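Please open the model in a viewer and keep the sequence panel visible. The stops below proceed from single residues to the whole chain.

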Amino acid sequence: MSVSLIDRPSPLPPLLGASLPELTDWVAQHNQPAYRAKQLHQWLYHQGGRSLSDLSVFPKQWRSELADIPVGRSQIHHRSAAPDGTVKYLLRMEDGQIIETVGIPSGKRLTVCVSSQVGCPMACDFCATGKGGFLRNLHRHEIVDQVLTVQEDFEQRVSNVVFMGMGEPLLNVDVVLDSVRSLNEDVGIGQRSLTVSTVGIPGRIRRLAEQRLQATLAVSLHASNQALRETLIPSARQYPLEQLLDECRDYVDSTGRRVTFEYILLAELNDCHSHALELAKHLRGFQTHVNLIPYNPIQEVDYQRPSPQRIQDFMDTLKAQHIAVSVRRSRGLAADAACGQLRANADSSTSPS
Ligand code: SAH
């Protein structure tokens, strides 16, 4: 075994996700001038750099020394496109784990739905991801990579990012906040075009409020009362609805931003007139927006999507109570890429990459 006596610069995790000041420190540790950090930043975030040995503006000698330093890009393991243009990607991380990412084009907009964990421990009854259990948190470079991968594949700038893929973002809150910073400052996506969706973890929404997060917060409510919510979302037992709503109110007060409430519509279960009235009562006088999500079917459970008329009635009841509300159009159903259908398998793919 050989032991190097040369003082090596401190090891850095994969470079992707690093800010310009972090890259400037790194470059300085390598005794290189500061402008090299800007070159590296540009190459990482805007030129799709994958291996430092290809960074042609760097001196050849230094490049070869850097060749083994990980950049942090994934491989596309599988790609499937739905007829509506939505593309689902299975991405392979360095440790071989597979995650899902979805690209959703809409006119000039391109939204990426990113995963924050491999699997999910929350086990919500209606969600495919939870059925597969939890493996690990993602690192920040793995989140930023998902956005760059979709941007490169579509050859179009990503305009919006939603943390609505696999996982519960607030269980990986430090990494999620770090990747929000990078997507905003390094990739150049406006904070308000970034949405973090959570089922709610006690104390964590307050944490986002303290950070004065300007990204959009979306809370997966899905029920108009505590008893019903507990039947759908096991973790709700440890987080009473009142406490969750209190944290959301504090969030609105500290950030000045409204909160979006996501509400899956499950036929005959939470979609009655009385549920809409109960929901409206909780949200009265609260700066919110309700996003209704007609249930997307998954194999394991037999919930039903309500009829279009019932969805319309639910929406009208909320509107009559002066609640801002919209219905989320399901995208990517044919590629099993819609909300709640992400489970890192390629079986249902329509066109392999
Ligand atoms: N864990 C986070 C983010 C991932 S889920 C959260 O719960 O918010 C993203 C959205 O898809 C959530 O609102 C989630 O409840 C919703 N969803 C899950 N399963 C669904 C299904 N089968 N049909 C429609 N929406 C679903």
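Select Trp62 first; this residue is found in helix 3, which covers residues 60-66. Helices here are DSSP runs of H or I with at least four residues, strands are runs of E with at least two, and both are numbered from the N terminus. The model is predicted, so local features need pLDDT of at least 70 and side-chain atom pairs count only at pLDDT 80 or more, while totals for chains, interfaces and linings use all residues. Residues are numbered from 1 along each chain as its sequence is written, and side-chain values use heavy atoms, with hydrogens and water left out.

Is Trp62 buried or exposed? Trp62 counts as buried because its relative accessibility is 5%; buried means under 20% relative accessible area, exposed means over 50%, and partly exposed lies in between (1.4 Å probe, protein chains only). Next, display the surroundings of Trp62: not counting residues up to four places away in sequence, it touches Trp26, Val27, His30, Gln32 and Arg36. A contact requires heavy atoms within 4.5 Å. Then add Leu52, which is 10 residues from Trp62 along the chain; their C-alpha atoms are separated by 9.6 Å.

Move to Thr288, located in strand 11 (residues 288-294). With 9% relative accessibility, Thr288 counts as buried. Beyond its neighbours within four places in sequence, Thr288 is in contact with Arg258, Val259, Phe261, Leu283 and Ala324.

Now colour the chain by pLDDT, the predictor's confidence in each residue on a scale from 0 to 100. The mean is 91, and 92% of the residues reach 70 or more. Select residues 1-6, where the pLDDT is below 50; this stretch has 0 contacts in the model beyond near neighbours in sequence. Residues 347-353 also have pLDDT below 50, and that stretch has 18 contacts beyond near neighbours in sequence.

Finally, show the whole protein, which has 11 helices and 12 strands. Its C-alpha trace spans about 70 × 45 × 45 Å along the principal axes. Of the 353 residues, 52% count as buried. Among contacts with a separation of 6 or more, 67% come from residues 24 or more positions apart. To view the charges, select Lys and Arg as positive and Asp and Glu as negative, without His or the chain ends, and place each charge at NZ of Lys, CZ of Arg, CG of Asp or CD of Glu. There are 36 positive and 38 negative side chains, and the centres of the two sets lie 5 Å apart.
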